[in-house]
Amino acid sequence: MRKQEIQQGFKDGVPIALGYFSVSFSFGIMAAGGGLSVFQAALTSLTNMTSAGQFAGLQIMVAGGALLELAVTQLIINLRYALMSLSLSQKLSKEVTMWQRLVIAFANTDEIFAVAMSHEKDLSFPYIVSLQVLPILGWTGGTACGAAAGNLLPSSVNSALSVALYGMFLAVVIPAAKKARPVLFAVILAALLSCLLYYVPLFSGITAGMSIILCTIAASAAGAVLFPIPEEGGEK
C-alpha cells in the first residue's frame with residue numbers, strides 16, 4: 001500500500017515538475033541578469049518555491065532594498081499559502097504527525113495543492129512527499145540551468161527568454177479576470193497604481209518593493225470593499 005502511494009505521488013508530480021522547469025528557467029535567466037550566481041539563484045528557488053514571490057523578491061534584491069521591505073512583500077504575496085495549508089490539513093490522514101505537517105507545508109504550492117486536493121483518498125505523508133519531490137527538483141534545476149544559460153547566452157537572447165515569466169503571469173491572471181469582475185478590477189487598479197508610482201515624479205522616492213506592497217494592499221482593499229463576498233446564509 002505504501003509503495004503504491006509513493007509511486008502514485010511520483011507519477012502525479014511529473015507534469016508539475018516539467019512545468020516548473022520551464023518557468024524557473026526564465027527566472028534563472030533573470031536572476032543571472034540581476035547579478036546572482038548560479039548557486040545563489042538555485043538556492044533561492046530551493047528555499048522559496050514561489051514564482052511570484054521570487055520575481056518580486058529578485059526586483060527588491062537587485063534594487064538594494066531593505067530586508068524588512070523584502071519580508072513584508074513576501075508575506076503579502078505568499079499569504080495565500082497559509083489558507084491553502086489550512087484547507088489541505090483537513091484532508092490529511094490522521095496518522096500524519098506535526099513534524100510531517102511542517103515538511104508538507106514547505107512545498108504546498110498552488111499546483112501541488114490542486115493535485116493533492118483532487119486525490120480521492122485521505123492524504124498520507126508518503127504520497128505528499130513523493131508528489132513534492134520532482135516539482136522541487138524541477139523548480140530548482142530549471143533555475144540553475146537558466147542561470148547558467150544566462151551567463152553564456154547573448155544579452156539579446158536573455159531578454160527574449162525572460163519574457164516567458166511575464167507570459168506565465170498573464171496566463172494565470174487573464175483566465176481568472178475573464179471569469180470574475182472583482183479580479184479584473186483588482187488587476188487593472190493595481191496596474192494603474194503601479195504606473196502612477198513609477199511615472200509620477202512625486203513618488204520617485206518609493207522603492208520597487210514598497211511599490212508592490214502599496215499596490216497589492218490598495219487593490220485588494222478596494223476589491224474587498226466594492227465586491228464583498230456575502231456570508232453563507234446571508235443576503236446576496
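**Close-up 1. The largest nonpolar core of this predicted model brings together 21 residues.** Welcome to the inside of the protein chain, shown here as a predicted model. Leu88, Leu92, Ile104, Ala116, Leu123, Ile128 and Leu131 are the residues with the most contacts inside this core. Four elements each give two or more residues to it: helix 1 (2–33), helix 5 (80–89), helix 7 (110–117) and helix 8 (125–150). Of these, helix 8 gives the most, with six residues.

**Close-up 2. Leu131 and the residues it touches.** Once neighbours within four places in sequence are set aside, Leu131 is in contact with Gly9, Phe10, Asp12, Gly13 and Ile16, and also with Ile112, Val115 and Ala116. Keep an eye on Ala116 as you look around, as Ala116 and Leu131 are both among the residues with the most contacts inside the largest core.

**Close-up 3. A second, separate core has nine residues.** Among them are Ala31, Phe55, Leu58 and Ala147.

**Close-up 4. Ile136 in helix 8.** Is Ile136 buried or exposed? Its relative accessible area is 16%, under the 20% cut-off, so Ile136 counts as buried. Leaving aside neighbours within four places in sequence, its contacts are Leu46, Met49, Phe106 and Ala107. Tyr20 is also worth finding in this view: its C-alpha atom lies 8.4 Å from that of Ile136, although the two residues are 116 residues apart along the chain.

**Close-up 5. Cysteines without a disulfide.** A search of the whole structure finds zero disulfides. Why is Cys195 not bonded to Cys215? The closest cysteine sulfur to that of Cys195 is indeed in Cys215, but the separation is 8.8 Å, which is too far for a bond because a disulfide needs sulfur atoms within 2.5 Å. Cys195 is partly exposed, at 41% relative accessibility. Cys145 is partly exposed as well, with a relative accessible area of 36%.

**Close-up 6. Helices and confidence along the protein chain.** The chain has eleven helices and zero strands. Confidence is highest in helix 2 (residues 38–48), with a mean pLDDT of 93, and lowest in helix 9 (residues 155–179), with a mean of 66. The protein chain averages a pLDDT of 83, and 86% of the residues score at least 70. Buried residues make up 36% of the 236 residues in the chain. Among contacts with a separation of 6 or more, 76% join residues 24 or more positions apart. On the outside, the chain exposes about 13,900 Å², with carbon and sulfur atoms supplying 69% of it.

Notes. Residues are numbered from 1 along each chain as its sequence is written. This is a predicted model: local features need pLDDT of at least 70, side-chain atom pairs count only at pLDDT 80 or more; totals for chains, interfaces and linings use all residues. Side-chain values use heavy atoms; hydrogens and water are left out. A nonpolar core is a set of buried Ala, Val, Leu, Ile, Met, Phe, Trp, Tyr and Cys residues joined through side-chain atoms within 4.5 Å. Buried means under 20% relative accessible area, exposed over 50%, partly exposed in between (1.4 Å probe, protein chains only). Contact means heavy atoms within 4.5 Å. pLDDT is the predictor's confidence in each residue, from 0 to 100. Accessible areas come from the Shrake-Rupley method with a 1.4 Å probe; for residues, only the protein chains shown count as cover.
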